[in-house]
Amino acid sequence: MENTKELRNWLNDMNLGHPLVIAGPCSAETEEQVMHIANELKDTDVSYFRAGIWKPRTRPGMFEGVGAIGLKWLQKVKAETGMKTATEVANRAHVELALEHDVDLLWIGARSTVSPFIVQEIADALEGTDKIVLVKNPVNPDLSLWLGAVERLHTANIQKLGVIHRGFSTYEKTKYRNIPEWQLAIDLQTRFPDLPIINDPSHITGKRDMIFDVSQTALDLNFDGLMIETHFDPDNAWSDAAQQVTPATLIQIMKDLRIRKESDPETEYNSKLNNLRAQIDILDHQLIETLGKRMKVSDGIGTLKKSRNVAVLQSSRWNEILGKMILEGETKGLSEEFVLRMFKAIHQESINHQEKVLKA
Ligand code: PEP
Ligand code: MN
């Protein structure tokens with residue numbers, strides 16, 4: 001992709017002075033539900049009203065969206081509240097219907113981004129549109145696949161582009177519904193600094209009480225906006241009930257978020273600092289994760305040694321690890337003294353773990 005500076009034009013032209021906010025229910029359910037939520041979101045910082053019309057559901061037999069009738073409700077939202085509208089499209093028929101009903105922003109969902117065939121079909125159907133098109137990250141943490149989808153749209157002469165970071169699937173259970181893998185989003189920003197990037201804390205967390213923290217991290221990492229699922233009765237929503245917030249909560253979240261203002265030099269300093277600190281927090285978290293995993297492997301070694309009645313400490317193996325890590329540390333600018341101290345501590349903890357297994 002060349003001329004990426006222009007990718008930001010649609011966002012800069014909005015002259016918002018605050019991050020872009022896209023909000024509204026996971027799914028359009030009824031005309032009353034849509035209008036009720038839209039009326040509570042008008043006259044706030046929300047610029048785009050979202051509602052899923054066709055819902056990709058993991059298992060069949062669940063609510064799969066109201067279909068094209070919901071597009072009429074979105075038209076009513078625009079006419080009555082002045083908010084622009086946004087929905088997900090997953091094939092050519094969706095695109096044609098959404099364009100016919102003048103939806104302002106279309107996004108490609110995480111389950112579609114993984115399929116180059118479907119992305120190409122959508123890109124062909126959208127060819128040359130002046131609507132905004134945002135690409136959610138694929139469900140798997142693959143930056144090329146994500147960028148590949150953006151490239152297909154760019155090649156289809158779509159000028160108003162951006163991406164939505166909604167986290168990634170894991171088999172392992174974590175506190176997130178979809179782990180953020182912030183580093184991947186940071187890598188994308190580094191490669192395409194002008195490509196607008198919106199965070200979707202709703203699908204990352206899966207839980208409404210974690211939405212503020214994830215939103216703050218995203219803003220500290222210079223994300224351009226947020227997409228937050230909002231429903232007047234979240235617990236009774238027809239999809240994604242646990243993660244939706246009420247309009248009142250959304251307004252409070254927007255108020256509480258520390259938002260950087262780019263003009264003030266003092267604020268610029270703070271915003272840089274917050275950005276770096278957010279990166280440090282993520283890396284520290286990864287360190288703890290990795291150390292925890294290492295100790296689990298140690299436990300496995302302990303079990304194995306126990307079954308063969310082998311001693312915990314094999315000093316030749318340990319010296320070999322230390323030597324290798326000192327050399328590797330050097331290439332990363334880490335002093336020998338630091339690597340030694342750190343690995344002694346890690347080794348001691350490993351021994352403790354194995355001892356525990358042997359004595360059990
Ligand atoms: C959604 O935004 O409601 C949705 C289905 O998102 P995702 O594609 O991120 O799962
Ligand atoms: Mn949803």
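Author: Relative accessible area under 20% means buried, over 50% means exposed, and anything in between is partly exposed. The model is predicted.

Reader: Why is Arg92 called partly exposed?

Author: Arg92 has 36% relative accessibility. That value lies between 20% and 50%, so Arg92 is partly exposed.

Reader: What makes Glu96 buried, exposed or partly exposed?

Author: Its relative accessibility is 41%. This again falls between the two cut-offs, so Glu96 counts as partly exposed.

Reader: How do you know that Glu96 and Arg92 form a salt bridge?

Author: The test asks for a side-chain nitrogen of Lys or Arg within 4 Å of a carboxyl oxygen of Asp or Glu. Between Arg92 and Glu96, the N to O distance is 3.5 Å. The pair therefore passes. Both residues sit in helix α4, 4 residues apart, about one turn of the helix.

Reader: Which residues are joined into one network by salt bridges that share partners?

Author: Lys78, Asp102, Asp104 and Lys131.

Reader: What makes Lys78 and Asp104 a salt bridge?

Author: Their side chains meet at 3.0 Å, N to O. That is within 4 Å, so the name applies. The bridge links distant parts of the chain. Lys78 is in helix α3 (residues 69–81), and Asp104 is in the loop between α4 (92–100) and β4 (105–108). They are 26 residues apart.

Reader: Why does Asp104 count as buried?

Author: Its relative accessibility is 12%. The limit is under 20%, so Asp104 is buried.

Reader: How many salt bridges does the structure hold?

Author: It holds 13. One of the pairs is Glu229 with Arg50, at 3.3 Å, N to O. This too is within 4 Å, so it is a salt bridge. Glu229 lies in strand β8 (residues 225–229) and Arg50 in strand β2 (residues 46–50), 179 residues apart. Both are buried.

Reader: What makes Cys26, His203, Glu229 and Asp240 donors to the manganese ion (ligand 2)?

Author: Distance. Their atoms, SG, NE2, OE and OD in that order, are at 2.1 to 2.4 Å. The cut-off here is within 2.8 Å, so they count as donors. Glu229 thus appears at the metal and in the bridge to Arg50.

Reader: How are the donor residues spaced in sequence?

Author: The pattern is C-x176-H-x25-E-x10-D. Cys26 is in the loop between β1 (20–24) and α2 (31–41), and His203 is in helix α9 (residues 201–205). These two lie 177 residues apart.

Reader: Are Cys26 and His203 buried or exposed?

Author: Both are buried.

How values were computed
Residues numbered from 1 in each chain as written. Chains lettered and ligands numbered in written order. Predicted model: local features only at pLDDT ≥ 70, side-chain atom pairs only at ≥ 80, totals over all residues. Heavy atoms only, no water. Donors = N, O, S within 2.8 Å, 3.2 Å for Na, K, Ca; no water. Buried < 20%, exposed > 50% of the residue type's maximum accessible area, 1.4 Å probe, protein only.
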